[in-house]
Amino acid sequence: MAADGGTRAILAALFANAGIALAKFVGFLITGSSSMIAESVHSVADTSNQGLLLLGQRTAKRRATRLHPFGYGRDRYFYSFVVALVLFTLGSAFALYEGVHKVSHAEDLDSPLVAVVILLVAIALETYSFRTAIVESRAIKGDRSWWAFIRQARTPELPVVLLEDAGALFGLVFALFGVGLAVVTGNPVWDGVGTIMIGILLGIIALILIVEMKSLLVGEGAADGELETIVERLADGDEVERVIHIRTQYLGPDELLVAAKLALRPGLELAAVAAAIDGAEQRVRAEVPAARLIYLEPDLYRVPV
């Protein structure tokens, strides 16, 4: 469900951003507004980013090979990391450059009403995209706060789309702020100020995404609740005395690797050992479906000296 929901949110964002980018660029050609060109480039970057997220979902489905025995699930993390870089360079850096240029070389806007109408239409379209991402995210967010969801989610696409859409909405408001003040005051510098605000906002969002996607790429283990459940299920069997140690790592959003050493009752026959290991694996998979790869080592517990 997480993958399907992510795809729906990505497609909604893709079509919305493509239409918005075209409208904003037409608005820039008519008005010459730096806020509009910054928002145009932002929407083009967002549209490209949705394509990258879809590409990551596709390539992650490739079969495991001898060279990549655990498959390609982390492709989704890689392309999400690339999205963050594109948002930083093509979105934030360009907006900051354009804003500073506009402030230092202010020029009057032509037909500012056109820019206002386009921005209002873009806000409506972006709100639709953002609402779709929120609806799809709620299915897997649970009781966590939205910030906790973004920080802890192992499915990268939904947090990326959520932050992108939120940034796009605030960016449109900043653009409307800059164009509006430029018209009201007659001072086009405000258009550049709005553009700089857009650049700062996109930079903050991009840095958050870079940090989170880097963490997923390096490798994150099971969340505290998941880990506690796994340990409890491993130790549930009559033949299992305790879990000596355990390591977990997400190989992809829907695939968790579990490696553990179990202390079994002394004197078990080989068949009983095998049955204990098989039972432990079944109990874990029943509670944590993402735990697809489980490697368990039977041992005897030795009290540390």
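**A tour from strand β3 to the helix pairs**

Start by selecting E297, which is partly exposed with a relative accessible area of 41%. Here buried means under 20% relative accessible area, exposed means over 50%, and partly exposed is anything in between, computed with a 1.4 Å probe on protein chains only. The model is predicted, so local features need pLDDT of at least 70 and side-chain atom pairs count only at pLDDT 80 or more, while totals for chains, interfaces and linings use all residues. Residues are numbered from 1 along each chain as its sequence is written, and side-chain values use heavy atoms, with hydrogens and water left out.

**Stop 1: the partner of E297**

Add K261 to the selection. K261 and E297 form a salt bridge, their closest N and O atoms 3.8 Å apart. The term stands for a side-chain nitrogen of Lys or Arg within 4 Å of a carboxyl oxygen of Asp or Glu. K261 belongs to strand β2 (residues 255–264) and E297 to strand β3 (residues 293–299), so this pair ties together parts that are 36 residues apart in sequence. Strands (E, at least two residues) and helices (H or I, at least four) are DSSP runs, numbered from the N terminus. K261, at 18% relative accessibility, counts as buried.

**Stop 2: the sheet**

Now show β1, β2 and β3 together. They make an open sheet of three strands in the order β1-β2-β3, with mixed pairing. Its edge strands are β1 (240–252) and β3, each pairing on one side only. From one strand to the next the twist averages 15°. Two strands count as paired if DSSP finds at least two bridges between them. Strands of a sheet pair through backbone hydrogen bonds, in either the parallel or the antiparallel sense.

Take β2 with β3: the two pair in the parallel sense over seven bridges. Select L257 and find L293 of β3 opposite, then select A260, which stands opposite L296 in β3.

Turn to the other side of β2. β1 and β2 pair in the antiparallel sense over 10 bridges, and they form a hairpin with two residues between them. A260 of β2 serves here as the bridge partner of I246. Colour β2 by accessibility: eight of its 10 residues are buried, so the strand is largely enclosed by the rest of the structure.

**Stop 3: more salt bridges**

The structure holds 11 salt bridges. Side chains of opposite charge can pair when their charged atoms come close.

Select D236 and R233, which form one with the closest N and O atoms 2.8 Å apart. D236 is partly exposed, its relative accessible area being 42%, whereas R233 is buried at 19%.

Next go to helix α9 (residues 270–287), which holds both E281 and R285, four residues apart, about one turn of the helix. Their side chains meet in a salt bridge of 3.6 Å, N to O. E281 counts as buried at 17% relative accessibility, and R285 as partly exposed at 34%. Then select R76, E157 and D254, which are joined into one network by salt bridges that share partners.

**Stop 4: α3 against α7**

Show helix α3 (residues 75–104) and helix α7 (residues 189–218), which pack at an angle of about 160° with their axes 7 Å apart. Axes are lines fitted to C-alpha atoms, for helices over the stretch in contact, and angles run from 0 to 180 degrees between N-to-C directions. α3 and α7 are therefore roughly antiparallel to each other. Angles over 145 degrees get that label, those under 35 count as roughly parallel, 65 to 115 as roughly perpendicular, and the rest as oblique.

View the pair along the line between the helices: α3 passes α7 in a left-handed crossing. A crossing is left-handed if the near helix is turned anticlockwise from the far one by less than a right angle, and right-handed if clockwise. The residues of this contact of α3 with α7 divide into 25 nonpolar, eight polar and four charged. Ala, Val, Leu, Ile, Met, Phe, Trp, Tyr, Cys and Pro count as nonpolar, Asp, Glu, Lys and Arg as charged, and the others, Gly among them, as polar.

**Stop 5: α2**

Keep α3 on screen and add α2. The axes of α2 and α3 cross at roughly 175° and come within 9 Å. That makes α2 roughly antiparallel to α3. Their contact has 15 nonpolar, seven polar and five charged residues.

Finish at V44, found in helix α2 (residues 34–59). V44 is partly exposed, at 42% relative accessibility. Add A18: its C-alpha atom is 6.9 Å from that of V44, the two residues being 26 apart along the chain.
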